[in-house]
Amino acid sequence: MDPVIHRTAGSVLEIALNRPDRLNALDETTLEALARALERAEDASVRAVLLRGEGRAFCAGQDLREAAGGALDYQAHLARYNRVVLQIRRLAKPVVAAVHGVAAGAGMALALAADLRVLGRDTRLTTAFARIALVPDSGMTYTLPRTVGWGRAFELLALSPDLSAEEAQRYGLANRVVDEERVLEEARTLAARLAEGPTRIYGLIKHALDESARLGLEEVLELEAQLQKLAGEGADHEEGVRAFLEKRPPRFAGR
Ligand code: T3D
């Protein structure tokens, strides 16, 4: 069985973790397959990505059976996670995570690396790392405090509670919360909507937000000016303005 499956629906690349008997826990083979699937997202025909899990969970994080085997080469091991997180963050297209059941450890980190998260009403999130006496990885010390704030991030990382979807939404970790059985449908609707949007602009927004995390105000203002020049020269901006003046919905080509 392939540990990661993918398909395209219109301009949306849908990537599914496919180890349901292990709650889609991530081992070396799965991470390699996920990285290969994400490479497909670079294709010009893809304008949004949907990340999901098969079975009853999104992802239970690192496969602890693999990790329990003996001394890990952490550099090589974490390089596989880092590659995937950077692929998602550097992809100049929106990534939606359909998070149902549970997302734990690196599974939660994967969901946080995405741009938008749809959770089920019964979905639980847990950072999990400290429960097994590990520090967070896969970018969680970057994404989590930037989403929930510093004080709350420490609590979530150190005490690793099971967060309900309602709490996750209150903390800004969930963009949508829907009935568990509607998570995929809602995420597909959102991804399809994004795939019809000004793709290049979404990429620039993503870049600006990520860069703003490490820049001062003056540098942010300078970056915004540079990105606005690029945006203003784009075909989608021209179409957006024309559509407004003609009182019709815009037809964005993603350029
Ligand atoms: O050292 C390094 O590798 C560095 C990288 C670390 C990255 C990380 O992600 S660290 C965090 C790793 N993840 C966890 O610690 C979570 C472990 N899992 C759980 O705590 C629970 O399974 C869940 C809270 C996710 C779900 O609980 P529940 O009660 O709904 O399901 P379950 O019965 O515990 O699990 C169902 C099956 O999936 C079970 O297998 P079995 O008994 O039916 O054969 C369970 O062992 C398996 N499973 C769940 N999580 C993992 C897993 N198998 C391997 N690895 C897992 N992470």
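A residue is called buried if 20 or more other C-beta atoms lie within 10 Å of its own, exposed if 12 or fewer do, and partly exposed in between, with the C-beta atoms placed from the backbone. The model is predicted, and local features therefore need pLDDT of at least 70, side-chain atom pairs count only at pLDDT 80 or more, and totals for chains, interfaces and linings use all residues. Residues are numbered from 1 along each chain as its sequence is written.

We begin with strand S4, where strands (E, at least two residues) and helices (H or I, at least four) are DSSP runs numbered from the N terminus. S4 covers residues 95-99, and five of its five residues are buried. Val95, Ala97 and Val99 point one way from the strand, whereas Val96 and Ala98 point the other way.

S4 also has partners, and two strands pair if DSSP finds at least two bridges between them. Strand S3 (residues 48-53) pairs with S4 in the parallel sense over three bridges, and Leu51 has Ala97 as its bridge partner in S4. Strand S6 (residues 116-120) pairs with S4, again in the parallel sense, over four bridges, and here Val96 has Leu116 as its bridge partner.

We turn next to helix H8 (residues 183-195), whose buried residues are Val183, Ala187, Leu190, Ala191, Leu194 and Ala195. They lie on the same side of H8 because they cover an arc of only 135° around the axis, the arc being that of the directions from the helix axis to the C-beta atoms. Among the elements that cover these buried residues are S3, S4, S6 and helix H9 (199-212).

Definitions and conventions. Two residues are in contact if their C-beta atoms, placed from the backbone, lie within 7 Å.
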